[in-house]
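These are my notebook entries on a structure that is new to me. I set down what I looked up, entry by entry.

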There are 4 protein chains.
Amino acid sequence: MTKTKLAIFNSAIEIFSKSGYEGATMDEIAYNAGVAKGTLYYYFKSKEEIFQYVIKEGINVLDMKVSNALSSINVSIDKIIMLCRVQLELVYEHRNLFKVILSQLWGQELRQIEVRGIVRKYIMDIEKYLKEAIDDGTVKSSETSFMSYTFFGTVVAAAVYELINEDKVNLEEMEKNLTSYILKGIQNI
Amino acid sequence: MTKTKLAIFNSAIEIFSKSGYEGATMDEIAYNAGVAKGTLYYYFKSKEEIFQYVIKEGINVLDMKVSNALSSINVSIDKIIMLCRVQLELVYEHRNLFKVILSQLWGQELRQIEVRGIVRKYIMDIEKYLKEAIDDGTVKSSETSFMSYTFFGTVVAAAVYELINEDKVNLEEMEKNLTSYILKGIQNI
Amino acid sequence: MTKTKLAIFNSAIEIFSKSGYEGATMDEIAYNAGVAKGTLYYYFKSKEEIFQYVIKEGINVLDMKVSNALSSINVSIDKIIMLCRVQLELVYEHRNLFKVILSQLWGQELRQIEVRGIVRKYIMDIEKYLKEAIDDGTVKSSETSFMSYTFFGTVVAAAVYELINEDKVNLEEMEKNLTSYILKGIQNI
Amino acid sequence: MTKTKLAIFNSAIEIFSKSGYEGATMDEIAYNAGVAKGTLYYYFKSKEEIFQYVIKEGINVLDMKVSNALSSINVSIDKIIMLCRVQLELVYEHRNLFKVILSQLWGQELRQIEVRGIVRKYIMDIEKYLKEAIDDGTVKSSETSFMSYTFFGTVVAAAVYELINEDKVNLEEMEKNLTSYILKGIQNI
DNA sequence: AATGAATGAGTCTTCATTCAT
DNA sequence: CATGAATGAAGACTCATTCAT
């Protein structure tokens, strides 16, 4: 990625997260990147292509960070706990990327269907870790597909919480609560 | 709501859910409602106003259905269980409304900030039920604000699951899994 | 054709003849028609579609004028003579249409290939009259296909002559010369 | 002409003939010439200048080929016959140049008016030969200016014929027909 | 109560041209 | 000699909105 392309990438993520895909304008993206509008088209064929690049490159980073964080852990329940923590941190650190993805998850445009496909793959990676933990008995045997979606949803919840309550979040506290919620649920026993 | 206004309401929800706010066009909404474009402006001042009407009227329906479902239940843990069930049913039944809301949750446009305010209120209603259950000891004492967001997130998860896996969902099965997940978590004890 | 559509049609022919297809701008066409740019798109899907409408509608008029002029003539040599005259008059009267057609005859764009198809059909109509005249012996037996193209080319020559020498043309004189050229050639015997 | 300039010349003629002046892009011309876009501007000041170079250099070649072909012929009627033949061969051999010229003959842009001027001069050369033949009585006395345009038009006809009927042309046959048409016309006597 | 022709501001995209290397 | 990254003016097209009927 050249310096210019990187500037466009960063600008685009910001603008898309602020205005959504349709709401974002090439003018804004260019201005925010500090380049001329024509430059966008020197590096990308269209707005669509910028969007796809943002998503794919972004997901790559997430994937790498997740597998890095988990690679050194052997005990599967610890993996699950670390997964909670790392996902939460990613949501926090890459909140703009998450906003872009979550805003483009819902429609019937080709772009949106593709984003769903990407999220599906992302969630299937989570499922893998859950299956491991089920296999060695630390996690309840259950329908892992749905379970991984609820896991993902819980992370989204954190994004919504963070979005709605802005500045006031305490990441460590959230981590603790989230892990407890996921592992043990809410019921008092 | 006259017949024509209702037709516009239904059409708008459909189009907004398919294309998002910016992606939806007045032409499409009018055509889908079976009226002329001018008619939209006879009933609403602007696209913005149609959108707001859709959201507010939609949320009203959800609120009423939730309180109806819970009004006859006294035991607080049963209320929580029913809340799981009813939310899941609403996500399923009013999926288009949920798609509209969830797609408009993430940006910095006035409209999106307003939608977040509405969701915030909606989640605070959930919090009320959780507080009740904590008070009588059936639910663990915890940070209820965050807990209600995770609850909401889990419901969103169901929406995503349903969206990505389309047709193949089994609502009853999902209900059982969801309730177990929320109440007891995933860990084997 | 509504009044507005007609205004667009007339404007477009003028602008296309002045600037060619690519050189013409929608702004110019709209301004010249006395309507807003959006109005062009209310009546036509695209610039391309305006162009096609101009060509097809224009060719229709030519076809009708030719067959009207020839319908009342029975002697085939007189038909040929009248064909010379009427073609020349059409080139003169509809010079803008001819300019548009002749400028769009030469490339490999779909639009240009289509125009060639239309011209081909137009020339095949001429061929019909030549064949008749050959059948009754007033015109030399020859390769009629090529002959009709040369006939057409001679008409184009008149267009070029008229274009290059502007104002100074004497239509009657041209008619006489043209007919003599076509019927008897240039050689002195 | 250096090798690079020649490459640009050849590329430009090809692209202009395929897409017209406005339709041709500098990118395409550069790519087709196997050079970088900047190189075009090393050799030419602008697209306009490339175009003019193409036309002028092209017409030069035509002029030379015509005068070469006719220089050794003394009998004026033979000159006319050879003129037919050589023009037809040029149209065939340099069809791309003819397409460029013929597509740029019709508008009101400066460039197009200039092309008309060049064609005018080219036709006036033809006129010269016709005048000679009139002077010694082999060609009918007539308005030579118009006659030379019809002569040119007949050649254009061949171009159109060739363009529309592509591959299927038989050059020798065409030459015979064309010469007969020009010298003796179509009428049976 | 309802329409649909007309608008024009705003958007994406193209492309001739420049310039530092 | 030659390059190609970068530009920005200009063009096709969209669409929310208006208004006379």
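**Entry 1. DNA strand F**

Of the atoms of DNA strand F within 4 Å of the protein, what percentage belongs to sugar or phosphate? I looked this up in the model, which is a predicted one. I found that 69% of these atoms belong to sugar or phosphate, and the rest to bases.

I then asked which residues come nearest to DNA strand F. Of the 30 residues around the strand, the nearest are T39(A), Y42(A), Y43(A), T39(D) and Y43(D).

Next I listed some approaches to phosphate oxygens of DNA strand F. A backbone N or O atom of A24(B) lies 3.2 Å from one such oxygen. For a polar backbone atom of K47(B), I noted a distance of 3.0 Å to a phosphate oxygen of the strand. A polar backbone atom of A36(D) is 3.1 Å from a phosphate oxygen of DNA strand F. The elements that give two or more residues to the surface near this strand are α3 of chain A, α3 of chain B, α3 of chain C and α3 of chain D. I sorted that surface by class and recorded 14 nonpolar, 10 polar and six charged residues.

**Entry 2. DNA strand E**

I turned to DNA strand E and put the same kind of query. Of its atoms within 4 Å of the protein, 67% belong to sugar or phosphate, while bases hold the rest. There are 30 residues around DNA strand E, and T39(B), Y42(B), Y43(B), Y42(C) and Y43(C) come nearest.

I looked at individual atom pairs here as well. A polar side-chain atom of Y41(A) lies 2.9 Å from a phosphate oxygen of DNA strand E. A36(B) places a backbone N or O atom 3.1 Å from a phosphate oxygen of the strand. For K37(D) I recorded a base oxygen of DNA strand E, 2.9 Å from an N or O atom in the side chain. Helix α3 (37-43) gives two or more residues to the surface near DNA strand E from chain A, from chain B, from chain C and from chain D. By class I noted 14 nonpolar, 10 polar and six charged residues on that surface.

**Entry 3. Chain A and chain B**

How many residues does the contact take from chain A and from chain B? I found 55 residues from chain A and 55 residues from chain B. The area buried between chain A and chain B is about 5,100 Å², and carbon and sulfur atoms give 65% of it. On the side of chain A, the residues that lose the most area to chain B are W106(A), F146(A) and I186(A), together 17% of what that side buries.

I searched this interface for salt bridges and the rule found zero. Six residue pairs are in polar contact across the interface of chain A and chain B. Several helices of chain A each supply at least two residues of the side that touches chain B, including α1 (3-23), α5 (76-93) and α7 (110-135). I noted that α8(A) gives the most to this side, with 17 residues. The class count for the side of chain A that touches chain B is 26 nonpolar, 20 polar and nine charged residues.

I then superposed the two copies. A turn of 180 degrees and a shift of 0.0 Å along the axis lay chain A on chain B with an RMSD of 0.1 Å. The two copies are therefore related as by a two-fold rotation axis. Of the residues of chain A, G185(A) comes closest to this axis, with its C-alpha at 1.9 Å. The same surface serves both copies, since 100% of the contact residues of chain A recur in chain B.

**Entry 4. Chain D and chain C**

I examined chain D and chain C in the same way. In this pair, 55 residues of chain D are in contact with 55 residues of chain C. The two chains bury about 5,200 Å² between them, 65% of it on carbon and sulfur atoms. W106(D), F146(D) and I186(D) supply 17% of the area that chain D buries against chain C, more than any other three residues.

The rule finds zero salt bridges across the interface of chain D and chain C, and six residue pairs in polar contact. Among the helices that each supply at least two residues of the side of chain D touching chain C are α6 (95-103) and α9 (171-184). The largest share of that side, 16 residues, comes from α8(D).

**Entry 5. Pairs without contact**

Lastly I checked two further pairs. No contact joins chain A and chain C, and their closest C-alpha atoms lie 20 Å apart. Nor does any contact join chain B and chain D, whose closest C-alpha atoms are 32 Å apart.

Methods: Residues are numbered from 1 along each chain as its sequence is written. Chains are lettered from A and ligands numbered from 1 in the order in which they are written. This is a predicted model: local features need pLDDT of at least 70, side-chain atom pairs count only at pLDDT 80 or more; totals for chains, interfaces and linings use all residues. Side-chain values use heavy atoms; hydrogens and water are left out. A residue is near a molecule or strand if one of its heavy atoms lies within 4 Å of it. A polar contact is a pair of N or O atoms within 3.5 Å; within protein, one must be able to donate a hydrogen and the other to accept it, and residues adjacent in sequence count only if both atoms are side-chain atoms. Helices (H or I, at least four residues) and strands (E, at least two) are DSSP runs, numbered from the N terminus. Ala, Val, Leu, Ile, Met, Phe, Trp, Tyr, Cys and Pro count as nonpolar, Asp, Glu, Lys and Arg as charged, and the others, Gly among them, as polar. Contact means heavy atoms within 4.5 Å. Copies are superposed by least squares on the C-alpha atoms of residues with pLDDT of at least 70 in both. Buried area is the accessible area (1.4 Å probe) that two parts lose on being put together, summed over both. A salt bridge is a side-chain nitrogen of Lys or Arg within 4 Å of a carboxyl oxygen of Asp or Glu.
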